[in-house]
Amino acid sequence: MIKVTEDQTKPTSKTVVFTLPQGIEAQSASVVGDFNGWNPQTHPMRPNAEGLWQASAEIEAGREYQFRYLVNGQDWHNDPRCDCCANPYGGENSLLRT
């Protein structure tokens, strides 16, 4: 699930809360994508009170972003609740439109 809210103090930004899809077993996770240079250290995910892994990011509004979840430092996952697009490695990335 992805929750997008507008940042009223920065009308060109939106806060996006990324939630790792249920059923993915994780010891560690991060959300990586166009918005953070595909750097897994930028947006690490943490389990919330319900045990769901989440991370939030402030990103520019009115754009498309490709992203994926990196789990346990080696397993890549798309978000099945999002559209996908081809990536240059022969796979797919999740697609977020703000």
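## R81 and D79

R81 pairs with D79 in a salt bridge, with 2.7 Å between the closest N and O atoms. The model is predicted. The two partners fall into separate accessibility classes: D79 has a relative accessible area of 0% and is buried, whereas R81, at 45%, is partly exposed. D79 is classed as buried because its value lies under the 20% limit.

## The network around R97

Salt bridges with shared partners connect E64, D83 and R97 into one network. Within this group, R97 and E64 form a salt bridge whose closest N and O atoms are 2.9 Å apart. This pair joins distant parts of the chain, since R97 belongs to strand β9 (residues 92–97) and E64 to strand β6 (residues 64–71), with the two positions 33 residues apart in numbering.

Both partners are partly exposed: R97 has a relative accessibility of 47%, and E64 has 45%.

## R63 and E60

A further salt bridge brings together the side chains of R63 and E60, at an N to O distance of 3.8 Å. The contact counts as a salt bridge because the distance is within the 4 Å cut-off. R63 is partly exposed, with 39% relative accessible area, and E60 is also partly exposed, at 43%.

## Total

Over the whole structure, the search yields four salt bridges. Among them are R81 with D79, R97 with E64 and R63 with E60.

Technical notes:
Residues numbered from 1 in each chain as written. Predicted model: local features only at pLDDT ≥ 70, side-chain atom pairs only at ≥ 80, totals over all residues. Heavy atoms only, no water. Buried < 20%, exposed > 50% of the residue type's maximum accessible area, 1.4 Å probe, protein only. Helix = DSSP H or I, 4+ residues; strand = E, 2+ residues; numbered from the N terminus.
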